[in-house]
Amino acid sequence: MSSLERILYVEDDPDIQTVASLALEVVGGFKVKVCSSGRQALEEVVLFAPDLILLDVMMPGMDGPSTLVALRQLPGLEKVPVAFMTAKVHPHEVDQLMALGVESVIAKPFDPMTLSSQVHSIWEQARGKL
């Protein structure tokens, strides 16, 4: 792993997409590819080659956990760090999500001013495991 530059962000809510992508691009300086569904993410992820993936948990069609399973089956994506973003942050819910093999769970609503540093911390934590 080199540095964190490219983030794939999968989120079905247009307002949250806008806030998060602006926070990551403007505050964090990251290149962000926004996908509105798990299916779209699967179509575009290989070409985009993200350094990190942020996944909404509750989405119509393919939810975040299903999308994670499908992403992990694609060549080259087995070790890309993934974090879930969700409003479901009771300890047992977070434990269930972490058990799926993600690096972290980011609570929604998130603070747009600290989202980039949160994501960078997740990246550093993931790098430390390699």
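Helices here are DSSP runs of H or I with at least four residues, numbered from the N terminus. With that in hand, V94 can be placed in helix α4. Welcome to this predicted model: at its heart for this briefing is an open sheet of five strands, paired in parallel, with helices α3 and α4 packing on it.

**The sheet**

- Reading across the open sheet, the strands come in the order β2-β1-β3-β4-β5, and their pairing is parallel.
- At the edges sit β2 (31–35) and β5 (104–107), each of which pairs on one side only.
- From one strand to the next, the twist averages 20°.
- In general, strands of a sheet pair through backbone hydrogen bonds, in either a parallel or an antiparallel way.
- A good pair to look at is β1 (residues 6–10) with β2, joined in the parallel sense over five bridges.
- Within that pair, Y9 has V34 of β2 as its bridge partner.

**Helices packed on the sheet**

- Helix α3 (residues 64–72) packs on the sheet and touches β3 (52–56) and β4 (82–86).
- The direction of α3 makes about 150° with that of β3.
- Helix α4 (residues 91–98) also packs on the sheet, where β4 and β5 are the strands touched.
- Between the directions of α4 and β5, the angle is about 140°.

**A closer look at V94**

- V94, in helix α4, has a relative accessible area of 22%; buried means under 20% and exposed means over 50%, so V94 counts as partly exposed.
- Leaving aside residues up to four places away in sequence, V94 touches K88, V89 and V105.
- V94 and S104 are 10 residues apart in sequence, and their C-alpha atoms lie 8.7 Å apart in space.

**Helix α2 and its two sides**

- Helix α2 (residues 38–48) has G38, A41, V45 and F48 as buried residues.
- Seen down the axis of α2, these buried residues fall within an arc of 80°, so they line one face of the helix.
- An α-helix has 3.6 residues a turn, so residues three or four places apart point the same way.
- The cover over the buried residues of α2 includes β1, β2, β3 and α3.
- On the face turned away from the buried side, α2 carries the exposed residues R39, E43, V46 and L47.
- Following α2 comes A49, which has a positive phi, near 50°.

Technical notes:
Residues numbered from 1 in each chain as written. Predicted model: local features only at pLDDT ≥ 70, side-chain atom pairs only at ≥ 80, totals over all residues. Heavy atoms only, no water. Pairing = 2+ DSSP bridges. Axes fitted to C-alpha atoms, helices over the stretch in contact; angles between N-to-C directions. Contact = heavy atoms within 4.5 Å. Buried < 20%, exposed > 50% of the residue type's maximum accessible area, 1.4 Å probe, protein only. Arc of directions from axis to C-beta.
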